[in-house]
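Here are some short exercises to work through with the structure open beside you. Try each task before you read its solution.

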Amino acid sequence: MRIGELAARTGTTTRALRFYESQGLLDARRASNGYREYDEDDYRLVNEILTLQAVGLSLEDTRPFVECLRAGHETGDSCADSIEVYQRKLAEVDACLARLNDARDNLLAKLAGALKTPPGPCVVVPRTEET
């Protein structure tokens with residue numbers, strides 16, 4: 001299949017496919033007329049890349065999964081390097097969730113403190129050209 005058909009089937013763009021090729025994630029073969037040619041294995045690789053990016057992995061993070069598929073494994077996450085990416089990404093997500101929970105706890109504490117004090121008058125300070 002040509003690049004346009006692969007892009008349409010995977011729901012991406014020809015530009016993205018050329019970028020994947022430039023990054024070594026996708027290998028295009030050339031027809032005698034110079035057009036890029038792809039097969040079902042390429043379709044599978046692109047789907048793997050897009051699926052992994054949809055769950056938050058960077059393009060570089062997808063590399064071990066692509067290599068795993070190229071090595072002939074049935075799934076891209078059946079290799080040790082892929083598992084390592086999952087573990088690293090989950091640790092990043094857990095750290096982010098911890099920071100968000102801390103921020104939420106701090107906001108709740110500030111809100112609770114604000115609700116305990118009687119409201120005061122709101123004074124609007126006019127803005128000058130200098131401020």
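**Exercise 1: helix 1 and helix 3**

Helix 1 and helix 3 are oblique to each other. The model is a predicted one.

Task: work out what angle and axis distance lie behind the word "oblique", and which residues meet.

Solution.
- Step 1: Take helix 1 as residues 3–10 and helix 3 as residues 40–54; they pack at an angle of about 45°, with axes 10 Å apart.
- Step 2: Angles of 65 to 115 degrees count as roughly perpendicular and those under 35 as roughly parallel, so this pair is oblique.
- Step 3: For the handedness, helix 1 passes helix 3 in a right-handed crossing.
- Step 4: On the helix 1 side, Leu 6, Arg 9 and Thr 10 make the contact, and they meet Glu 40, Asp 42, Tyr 43, Val 46, Asn 47 and Leu 50 of helix 3.
- Step 5: Sorted by class, this contact has four nonpolar, two polar and three charged residues.

**Exercise 2: helix 1 and helix 2**

Task: find how helix 1 is oriented to helix 2, and which residues meet.

Solution.
- Step 1: The two axes come within 9 Å and cross at roughly 105°.
- Step 2: That angle makes helix 1 roughly perpendicular to helix 2.
- Step 3: Ile 3, Gly 4, Leu 6 and Ala 7 of helix 1 meet Thr 14, Leu 17 and Arg 18 of helix 2.
- Step 4: By class, these residues divide into four nonpolar, two polar and one charged.

**Exercise 3: helix 4 and helix 5**

Task: decide whether helix 4 runs roughly parallel or antiparallel to helix 5.

Solution.
- Step 1: The axes of helix 4 and helix 5 (residues 80–116) come within 8 Å and cross at roughly 155°.
- Step 2: The cut-off for roughly antiparallel is over 145 degrees, and helix 4 is therefore roughly antiparallel to helix 5.
- Step 3: The crossing of helix 4 past helix 5 is left-handed.
- Step 4: Pro 64, Phe 65 and Cys 68 in helix 4 meet Asp 81, Ser 82, Val 85 and Tyr 86 in helix 5.
- Step 5: The contact consists of five nonpolar residues, one polar and one charged.

**Exercise 4: a salt bridge**

Task: explain which parts of the chain the pair Arg 70 and Asp 27 ties together.

Solution.
- Step 1: The structure holds nine salt bridges.
- Step 2: One of them joins Arg 70 to Asp 27, with the closest N and O atoms 3.6 Å apart.
- Step 3: Arg 70 belongs to helix 4 (residues 63–70), while Asp 27 sits in the loop between helix 2 (14–22) and strand 1 (29–30), so the pair ties together parts that are 43 residues apart in sequence.

**Exercise 5: an annotated stretch**

Task: describe the stretch that the UniProt annotation "domain: HTH merR-type" covers.

Solution.
- Step 1: The annotation, from an unreviewed UniProt entry, covers residues 1–68.
- Step 2: Over residues 1–68 the chain is 56% helix and 6% strand.
- Step 3: The end C-alpha atoms of residues 1–68 are 23 Å apart.

Conventions
Residues are numbered from 1 along each chain as its sequence is written. This is a predicted model: local features need pLDDT of at least 70, side-chain atom pairs count only at pLDDT 80 or more; totals for chains, interfaces and linings use all residues. Side-chain values use heavy atoms; hydrogens and water are left out. Axes are lines fitted to C-alpha atoms, for helices over the stretch in contact, and angles run from 0 to 180 degrees between N-to-C directions. Helices (H or I, at least four residues) and strands (E, at least two) are DSSP runs, numbered from the N terminus. A crossing is left-handed if the near helix is turned anticlockwise from the far one by less than a right angle, and right-handed if clockwise. Contact means heavy atoms within 4.5 Å. Ala, Val, Leu, Ile, Met, Phe, Trp, Tyr, Cys and Pro count as nonpolar, Asp, Glu, Lys and Arg as charged, and the others, Gly among them, as polar. UniProt positions are given in the numbering used here, feature names are shortened, and annotations may be inferred rather than shown by experiment. A salt bridge is a side-chain nitrogen of Lys or Arg within 4 Å of a carboxyl oxygen of Asp or Glu.
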